[in-house]
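Welcome! Here are some short exercises to help you find your way around a new structure. Try each one yourself before reading its solution.

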Amino acid sequence: MTGKPSGMLSKLADFGHGDTTSAHYDAWAEQYDADLLGEFGYSGHVIAAAALAEVCQDRRAALIDVGCGTGLVGVELAKHGFQTIDGIDIAPEMLAKSRERGIYRGLFEGDLNATTSIADAAYDAAVCAGSFAPGHLAPLALREIIRMVRPGGVIVVFMNGAPFVADDYAGFITR
């Protein structure tokens, strides 16, 4: 990296709810990890995986990495000893990068703002890092994640505080 970010991160501010970011992430897939980790020092994937590892003691649990992107969360989950990890993302090129890591049992293309093909209660736990934001997952996507996780399962969401407040996630969660 030359010290100049690709500009792809700053372009995310142009997206609003109802917009799709699939093409944006497909175009960014090759440079995504270098930009996020090298240029911006992103650590959400580490925090989210550690939080899940703390509350989900069963390392044999079936997990879904929501908005898995290039697989950064999956790498961290594997470091914590989890072995049954699936991922879902809206961008095929990001899924291709995840596939290259060889960590995921299964990878699915899908939009969690709608109903996906994943069965009800298919997972013991879900983790989502950085996917709830304008142009990404809306608060309503929480229902789809809840549907995919068995009753009594664990869901960990790591997100920016600005959309959490602006889009009233707290109100949505308590309804």
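**Exercise 1.** Is E76 buried or exposed?

*Solution.* Keep in mind that the model is a predicted one. Begin with the place of E76 in the chain: this residue is found in helix α5. Next, look at its relative accessibility, which is 11%. Buried means under 20%, so E76 counts as buried. Finally, see what lies around it: leaving out residues up to four places away in sequence, E76 touches H45, V46 and A49.

**Exercise 2.** Work out how strand β1 is covered and which strands it pairs with.

*Solution.* Step one is to find the strand, which spans residues 62-66. Of its 5 residues, 5 are buried. Step two is to sort them by side. In a regular strand, side chains alternate between the two faces of the sheet. Here A62, I64 and V66 are on one side, with L63 and D65 on the other, and both faces of β1 are covered.

Step three is to look for partners. Strand β2, residues 84-89, runs parallel to β1 and is joined to it by 5 bridges. Within this pairing, L63 stands opposite I85. Strand β4, residues 123-129, also pairs with β1 in the parallel sense, over 4 bridges. There, I64 stands opposite A126.

Step four is to follow the chain from β1 to β2. Helix α5, residues 72-79, joins these two strands in a right-handed β-α-β unit.

**Exercise 3.** Which residues have the most contacts inside the largest nonpolar core?

*Solution.* First, take the core as a whole: it has 20 residues. Those with the most contacts inside it are L52, L63, L77, F82 and V127. Then ask which elements supply it: α4 (44-55), α5, β4 and β5 (149-158) each give two or more residues. Among these, α4 gives the most, with 4 residues.

Now zoom in on L52. Setting aside neighbours within four places in sequence, L52 is in contact with L63, L77, A125, A126, V127, V154 and V156. A second core of 19 residues is separate from this one and includes Y123, C128, F132 and M159. As background, nonpolar side chains tend to be buried together in soluble globular proteins.

**Exercise 4.** Why is there no disulfide between C68 and C128?

*Solution.* Start from the search of the whole structure, which finds 0 disulfides. Such a bond calls for two cysteine sulfur atoms within 2.5 Å. The cysteine sulfur closest to that of C68 is in C128, and it is 10 Å away, so the two are too far apart for a bond. Seen from the other end, the sulfur of C128 has its closest cysteine sulfur in C68, again 10 Å away. Finish with the surroundings: C68 is buried at 5% relative accessibility, and C128 is buried with a relative accessible area of 1%.

**Exercise 5.** Which residues does T21 touch, not counting residues up to four places away in sequence?

*Solution.* Locate T21 first: this residue lies in the loop between α1 (8-11) and α2 (22-28). Its relative accessibility is 4%, so T21 counts as buried even though it lies in a loop. Its contacts beyond four places in sequence are F15, G135 and H136. For a sense of distance, take D124, which is 103 residues from T21 along the chain: their C-alpha atoms are separated by 28 Å.

Conventions:
Residues are numbered from 1 along each chain as its sequence is written. This is a predicted model: local features need pLDDT of at least 70, side-chain atom pairs count only at pLDDT 80 or more; totals for chains, interfaces and linings use all residues. Side-chain values use heavy atoms; hydrogens and water are left out. Buried means under 20% relative accessible area, exposed over 50%, partly exposed in between (1.4 Å probe, protein chains only). Two strands pair if DSSP finds at least two bridges between them. A crossover is right-handed if, with the strands pointing away from the viewer, the path from the first strand over the helix to the second runs clockwise. A nonpolar core is a set of buried Ala, Val, Leu, Ile, Met, Phe, Trp, Tyr and Cys residues joined through side-chain atoms within 4.5 Å. Contact means heavy atoms within 4.5 Å.
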